[in-house]
Amino acid sequence: DLAYTVATQTAATRNETATSGEKVILCDTTSNSITVNLPTAVGNTAKFHIKKIAAANTVTVDGATTETIDGSLTAAWTPVNVSYTLISDNVNWRII
């Protein structure tokens, strides 16, 4: 069985701590932009599914310290209903 957690985010910042399993984060950007701060990629086997569920504002995902997301310090998107899945390569984060 696949175990995962679903969380709806409305506050401007979400600090993730998961190091294993799967996490679905639904970002309701109706009131403000949302930044999701990922935990360290080193030794992390978690998979994060992040989806923007409101038309207004932006979702930004930030790697821990200097860790990158596909080579950039952050990844951001504005279209509604766009989602990305992020996994660790044990050094940085990758969008798949």
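In the predicted model, Ala7 has Ile25 of strand E3 as its bridge partner. This pair belongs to the parallel arrangement of strand E1 (residues 4-9) and E3, which are joined by 6 bridges. On E3, Lys23 is in turn matched with Phe48 of E5. Strand E5 covers residues 47-52 and runs parallel to E3, again with 6 bridges between the two strands. E3 is thus paired both with E1 and with E5.

The burial of E3 was examined next. Strand E3 comprises residues 22-27, and 5 of these 6 residues are buried, so the strand is largely enclosed by the rest of the structure. The cut-off applied here for a buried residue is a relative accessible area under 20%. Across the chain as a whole, buried residues account for 40% of the 96 residues.

A further set of pairings involves strands E4, E6 and E7. Strand E4 (residues 34-37) runs parallel to strand E6 (residues 59-62), and 4 bridges connect them. Within this pairing, Ile34 lies opposite Val59 of E6. E6 also pairs with strand E7 (residues 74-77), here in the antiparallel sense and over 4 bridges. Thr60 stands opposite Ala76 of E7. E6 therefore has a parallel pairing with E4 and an antiparallel pairing with E7. In a regular strand, side chains alternate between the two faces of the sheet.

The secondary structure of the chain consists of 9 strands and 0 helices. In sequence order, the pattern reads β-β-β-β-β-β-β-β-β. Of the contacts with a separation of 6 or more, 56% are between residues 24 or more positions apart.

Overall dimensions were then considered. The radius of gyration of the chain is 12 Å, which agrees with the value near 12 Å for a compact globule of 96 residues. The C-alpha trace spans about 35 × 35 × 20 Å along its principal axes.

The accessible surface of the chain amounts to about 5,000 Å². Carbon and sulfur atoms contribute 51% of this area. Charged side chains number 6 positive and 8 negative. The centres of the positive and negative sets are 5 Å apart.

Definitions and conventions. Residues are numbered from 1 along each chain as its sequence is written. This is a predicted model: local features need pLDDT of at least 70, side-chain atom pairs count only at pLDDT 80 or more; totals for chains, interfaces and linings use all residues. Side-chain values use heavy atoms; hydrogens and water are left out. The radius of gyration is taken over C-alpha atoms; the globule rule is 2.2 Å times the number of residues to the power 0.38. Buried means under 20% relative accessible area, exposed over 50%, partly exposed in between (1.4 Å probe, protein chains only). Contact means heavy atoms within 4.5 Å. Accessible areas come from the Shrake-Rupley method with a 1.4 Å probe; for residues, only the protein chains shown count as cover. Lys and Arg count as positive and Asp and Glu as negative; His and the chain ends are not counted. The place of a charge is taken as NZ of Lys, CZ of Arg, CG of Asp or CD of Glu. Two strands pair if DSSP finds at least two bridges between them.
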